[in-house]
Amino acid sequence: MSELLVVDDLTVTFLERGKPKNRPLRGISLTIGEGEILGVVGETGCGKTLTGLAVLGLLPQGAQPNGRIVLDGVEQDFTKPSADTRGRIVSLVFQNPGTAFNPVFTIGAQMRDVIRRHRGLRRGEAREHILHYLAEVGLPDPDRVYRSFPHELSGGMLQRAMIAMALLCEPRLLVLDEPTTALDVTIAKQILQLIRRLRDQFGFGVLFITHNLGVVNELCDRLAVLYAGRVVESGPTAEVLQDPQHPYTRGLLNALPSRQTPGSPLEAIPGAVPGNLLAVTACAFADRCRYAIAACREIDPLLEELSAGHGVACIRAGEI
Amino acid sequence: MTLFLLKRVGTSAIVLFSLSVIVFLLTRLIPSNPAVIYAGPKARPEELARVTAELGLDQPLYLQFFRYLGGLVTGDWGNSLATKRPVLDELALRTPATLELLAVAMLFALVVGVILGVIAARRPGRILDMVIRFLSIGGVSMPAFWLGLLLQVFFVGALGILPATGQFSTEIKYLSPITSVTGFPLLDSLLTGNWVAYSDGLAHVILPALTLAAYPLGLIARMTRASMLDVAEQDFVFTARAYGLREGLIRWKLALRNALPPTMTIVGLAAAYTLTGTFYVEIVFNWPGIGQFAAGAMLAVDYPAIVAITMLSAAGYLVANLVVDIVQARLDPRARLS
Amino acid sequence: MTSASGVPPLAAFVPLGERPFTRIRRVLARDPMAMVGVAIVVLVLVLALFGQWIAPYPEQGLGSPRPSLRGLAPGAEYLFGTDQLGRDVLSRIIMGARPALLISVFVVLLAMVIGIPLGAIAGYRGGWVDQVLMRVTEVFQSFPPLLLAMVTVAILGPSLVNAGIALAVSWWPWYARLVRAEAQSLRGRPFVEAARAIGVPTWRIIPRHILRNSLTPILVQATVDIGSVVLAAGALAFIGLGAQPPEPDWGLMVAEGRGLIFTQWWISTFPGLALFVTVLGFNLIGDSLRDIFDPRSVKR
C-alpha cells in the first residue's frame with residue numbers, strides 16, 4: 001500500500017513576540033495509506049485537532065511548524081499558503097455542522113463557490129455536479145437541500161451536506177474532526193456507515209479525529225493515540241484495543257463506562273494533561289502513570305515498533 | 001411580513017400621536033404671543049384680537065388641542081407666520097432638494113463607510129486600522145458647519161473647481177431647463193438625459209453631500225469593522241478557508257453579507273443625524289431645502305412651521321427605521337421566516 | 001470601598017473586581033490614541049480653568065471690540081488673526097473653553113439627575129412603572145437627534161443656558177435606558193437578592209447595589225456625551241439658537257466668520273478647529289472606553 005499522507009516528526013511551536021510560548025505538538029509522526037481510515041484519539045488538548053489543521057495548512061497565526069508533511073507525494077511548504085490544495089486534494093469536515101455553513105447563503109451557493117474555485121465550472125454544470133454528490137451522501141431530496149438555507153436543515157442533513165461538499169472535487173484525503181460528536185447517537189451511527197461506504201466507493205484516505213474509542217473501534221483501520229503532543233501508541237485498531245501497551249491507552253480503555261463492572265466506582269486517569277509542553281523533557285505521562293519508575297522522569301521515550309506496525313512510546317513497553 | 005408591517009405602522013402612529021402632544025405642549029409654552037408674530041409688531045389692538053381669535057388662541061387649552069389635532073389629521077397645518085402661506089406647501093416645495101441631498105450623502109457614507117470598515121477589520125490593530133479608526137472618530141467629531149466652510153475654502157477658493165453654493169447654476173433655468181418627471185430635479189435631469197443640468201447639479205451636490213456624510217460615514221465604518229471582527233471568528237469563515245476559497249471572496253462576499261445586518265441597525269440613527277445636519281449644512285451651502293427653512297423658522301418662532309417640521313422629521317425618522325428593519329430582514333434569511 | 005463607607009458584611013457578596021476608575025485607567029493606558037485624547041482633554045481643561053491668565057488679550061476674548069484692528073491676518077502679534085470687531089481670535093478661542101465645558105457638564109449632569117433615578121427605579125421595580133417609563137423614553141428618542149433641543153430653544157428663546165436645558169431635555173432618556181438595563185441585569189444577581197431577602201429596603205438597595213455597580217457604564221457614557229454636547233451646543237450656536245454675541249462661543253465664532261470665509265478665512269477656521277479637536281479628544285477616550293462594557297470591540 002502506497003502512503004497517501006506522511007507526517008514526519010511534526011513540531012508546532014506557538015510564538016508570542018517571536019519567543020516560544022508553548023509547544024502543543026512535539027514530534028508527531030503518522031502515515032495514512034490509500035483508502036485507509038486512521039483514527040487519531042486523545043483527550044482535549046492533546047493536539048489532535050492541531051495535527052489535522054497542520055495537514056490542511058491551516059495553523060493559527062503565531063504557530064510555527066517544523067518537520068515534514070508529504071501529501072499525495074507532494075511535500076508541503078510551510079512558508080506558502082496551500083489554498084490550492086485545500087478542498088481539492090484534502091478536505092475538512094468538522095464538528096458542528098450547524099455553524100460550519102454560512103447562514104445567509106443557500107447550501108447550493110456555498111458549494112458552488114468551492115467548485116468554481118477549484119474546477120471553474122459554470123453555474124449549470126456546477127449544479128448538476130453538486131446534486132450528484134448530494135444524492136451520493138444519501139440526502140433524499142438533493143434539489144431541496146441545494147436551495148435550502150442552513151437553518152432549514154437538521155444537524156444530520158447538514159453534516160451529510162458537509163461531507164458532500166468535502167467530496168465535490170474528489171479529494172485524496174478527508175480530515176474529519178469529531179464529525180459525529182454534535183449529533184444524536186442514531187444519526188452519528190448513520191454518518192459513520194456513510195463514511196465507510198464512501199471510502200469503499202471513492203477510495204480516499206481518512207484522518208479521523210475523535211476522543212471516542214468506541215467510534216474508532218467501529219470505523220478505523222488503524223489508530224494513533226495522542227498524548228501531550230505526541231503519538232504514544234499506534235497500530236491496527238483491533239490489535240491496539242485488545243492488547244494496549246502504553247499505560248495511557250490502557251487508562252483510556254479502562255475509563256470507558258462499558259468496560260467497568262456495574263456497581264464498582266468509575267475508573268479515571270488521575271490528574272490532567274500538563275498545561276505547557278515547552279518544558280517537558282521526560283515522559284509527559286509519568287506524573288499520572290501508575291507504572292512510572294525513576295527513569296521515566298528522565299528519559300523522553302520515542303515511538304518504537306513492538307511488533308510489525310504496532311508502535312509504543314514507553315520505556316517499560318513489553319514489561320508491564 | 002404583513003403582520004409585522006401592520007404592527008410597526010400601528011406603533012408608529014402611537015409614537016407620532018405622542019410626539020404631536022409634546023410638540024403641542026411645547027408650542028403653547030411660548031412666552032411670546034404667536035398672534036403678535038403673525039400680525040406684525042405694529043398691529044393695532046383690535047387687529048391683534050382678531051388674529052388671536054382667528055388662531056383660536058383665546059379658547060381653552062383642550063379645545064385648542066382638538067383643533068390642532070384635527071388640523072394635523074385633515075392636512076390643515078396652518079399658515080407659516082413668516083410667509084403667510086400654508087406650511088405644508090412651503091415644505092412640499094423644499095422637500096425634494098433636501099431628500100436628494102440626504103440620499104447622495106447617505107449613499108456615499110454607506111458605500112465608503114462599509115469599505116473602510118471591512119479594510120480596517122482585515123488586520124485589527126495594524127497601521128491601516130489605526131488610520132481608519134482615527135478617520136471615523138474624526139468623522140463623528142466633525143462640526144459639519146465648519147467642515148463645509150473648509151471644503152468651500154479648498155475646492156472653491158483655492159482650486160476653483162466646484163461651485164460654492166446653491167443647487168443649480170442660475171443659467172440652467174434658461175439654457176437647459178429641467179423637465180419635471182418625479183419632482184426630484186437631479187434625478188429628473190438624469191432621467192430626461194439633460195446632461196448639462198445633470199452635471200451642473202452633480203457639481204453642486206458634491207460638497208454639501210460630503211459635509212453631511214462625515215458623521216454617518218464614521219458611524220458606519222466603526223460598526224462595520226466591529227461586526228466584521230465578530231464574523232471573522234465564526235466557524236463558517238474557517239470552513240471557507242478550509243476549502244481554499246480566496247481571501248477576497250471570503251471577506252467581501254461571505255463575511256460581509258453576515259456583517260451587514262448588524263451594520264444596518266445604526267443606519268437609521270445615522271440617517272436621523274444627517275437629517276438634522278441639513279439644518280446647518282443647508283445654511284452653509286445655501287441649499288434650497290427644508291433645513292434652511294427649518295433653521296429660519298426656529299429663529300423666528302414660526303410655530304406652525306416648527307410643528308410641521310418636527311412632525312415630518314419624526315415621521316421621516318420612523319420611516320427610515322422601518323426601511324432599515326425591512327432591509328435587515330431581507331439580508332438575513334433566518335429573519336425572513338418570522 | 002468596603003469598611004470606609006460602613007458597608008455591612010453583606011459587601012462580601014458584591015462582585016467588585018476593580019474600582020471603575022482603576023479599570024478605566026488601565027484600558028486607556030494601553031491605547032495610544034486614547035492617550036492623545038487624554039492629552040487634548042487635559043489641555044482644554046487647563047484652558048477652561050486658567051484661560052484668563054493664558055490668553056494674550058483676555059478682555060477681547062470676552063468681547064470688547066477694537067475697531068482699528070479689524071480683520072488682521074494671522075501674524076506674530078495676533079497668532080490666529082483678529083475678527084470683524086478687531087478682537088484677537090486666539091484669545092477668544094481660549095476664553096471659549098470654559099463656557100463650552102461648563103455647558104456640557106451642566107447638560108450631562110442634568111440629564112443624569114433626571115435619567116438615572118428614573119432608569120434605576122424602572123429597571124429594579126419592573127412592571128407597569130417600567131412599561132410607562134420605557135414608552136416615554138421611546139417617544140423622546142423618536143425625535144431625530146438635536147431636533148427636540150432645537151424646538152425647545154426656539155420656544156424658550158435662544159441663549160446658552162436655554163440651549164443647555166434644551167439639550168438635557170433631549171438627552172436624559174439615554175441615561176434612563178442605560179441605567180434601566182443595568183438595573184435589570186443586577187436585579188436578579190445573588191447579592192441583590194440576598195440584600196432583599198434580609199430586608200434591606202429598596203431605597204437603600206438602589207443606591208448601594210444598583211447604582212454603584214452601574215457606575216462604570218455611566219462614567220463611560222458621560223465621557224462620550226460631554227464631547228457630543230460640546231458639538232451639539234456649537235451647532236445650536238451656529239444656527240443662532242445657542243450662545244449669543246458677544247460670548248466667546250466656538251460655534252458662534254464660526255458663524256460670525258462665515259460670510260468672510262474666502263477673504264478672512266482665519267475668523268471661522270480656528271474656532272472650528274478648537275471645537276473639532278475638543279470633541280475629538282473626548283471621542284478618542286470614549287471609543288477606547290467602550291471596550292469596558294462592549295467586549296465585542298476589544299479585539300484590536
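This passage describes the chains of a predicted model, their contacts and some of their side-chain pairs.

Chain C is built from helices. It has 12 helices and zero strands. From the N terminus on, one α element therefore follows another along the chain, since a helix is a DSSP run of H or I and no strand run is present. Along the principal axes, the C-alpha atoms of chain C fill a box of roughly 75 × 45 × 35 Å.

An unreviewed UniProt entry places the feature "transmembrane region" on chain C at residues 33–55, 100–126, 146–172, 218–243 and 263–286. Two of these segments are described here. Residues 33–55 of chain C are 96% helix and 0% strand. The end C-alpha atoms of that segment are 28 Å apart. Residues 100–126 of chain C are likewise 96% helix and 0% strand. Here the end C-alpha atoms lie 38 Å apart.

Chain A carries a different annotation. The feature "domain: ABC transporter" is placed by UniProt, in an unreviewed entry, at residues 5–253 of chain A. Over this range chain A is 39% helix and 29% strand. The C-alpha atoms at the two ends of the range are 27 Å apart.

Two pairs of chains are in contact. Of these, chains B and C share the most contacts. Chain A and chain C are not joined by any contact. Their closest C-alpha atoms lie 15 Å apart.

The interface of chain A and chain B was examined further. The area buried between these two chains is about 2100 Å². Carbon and sulfur atoms give 64% of that area. One salt bridge is counted between chain A and chain B. The partners are A:D113 and B:K253, with the closest N and O atoms 3.4 Å apart. The interface also holds 10 residue pairs in polar contact, both residues being at pLDDT 80 or more.

Several elements of chain A build its side of this interface. Those that give two or more residues are α1 (48–56), β6 (90–93), α2 (97–100), α3 (107–118) and α6 (155–167) of chain A. The most comes from α3(A), with four residues. By residue class, the side of chain A that touches chain B divides into 17 nonpolar, six polar and three charged residues.

Salt bridges were also counted over all chains. The structure holds 34 of them. One is formed by the side chains of A:D8 and A:R68, at 3.9 Å from N to O. This pair links distant parts of chain A. A:D8 lies in strand β1 (residues 3–16) of chain A, and A:R68 lies in strand β4 (residues 63–71) of chain A. The two residues are 60 residues apart.

Aromatic rings were treated in a similar way. A search of the whole structure finds 21 aromatic pairs over all chains. In one example, the ring centres of B:F65 and B:Y68 are 6.0 Å apart and the ring planes stand at 35°, so the pair is tilted. Both B:F65 and B:Y68 lie in helix α4 (residues 61–74) of chain B. They are three residues apart, about one turn of the helix.

Definitions and conventions. Residues numbered from 1 in each chain as written. Chains lettered and ligands numbered in written order. Predicted model: local features only at pLDDT ≥ 70, side-chain atom pairs only at ≥ 80, totals over all residues. Heavy atoms only, no water. UniProt positions renumbered as here; feature names shortened; annotations may be inferred. Contact = heavy atoms within 4.5 Å. Buried area = accessible area lost by both parts, 1.4 Å probe. Salt bridge = Lys/Arg side-chain N within 4 Å of Asp/Glu carboxyl O. Polar contact = N/O pair within 3.5 Å; in protein donor to acceptor, adjacent residues only side chain to side chain. Nonpolar A, V, L, I, M, F, W, Y, C, P; charged D, E, K, R; others polar. Phe/Tyr/Trp six-rings, centres within 6.5 Å; stacked < 30°, edge-to-face > 60°.
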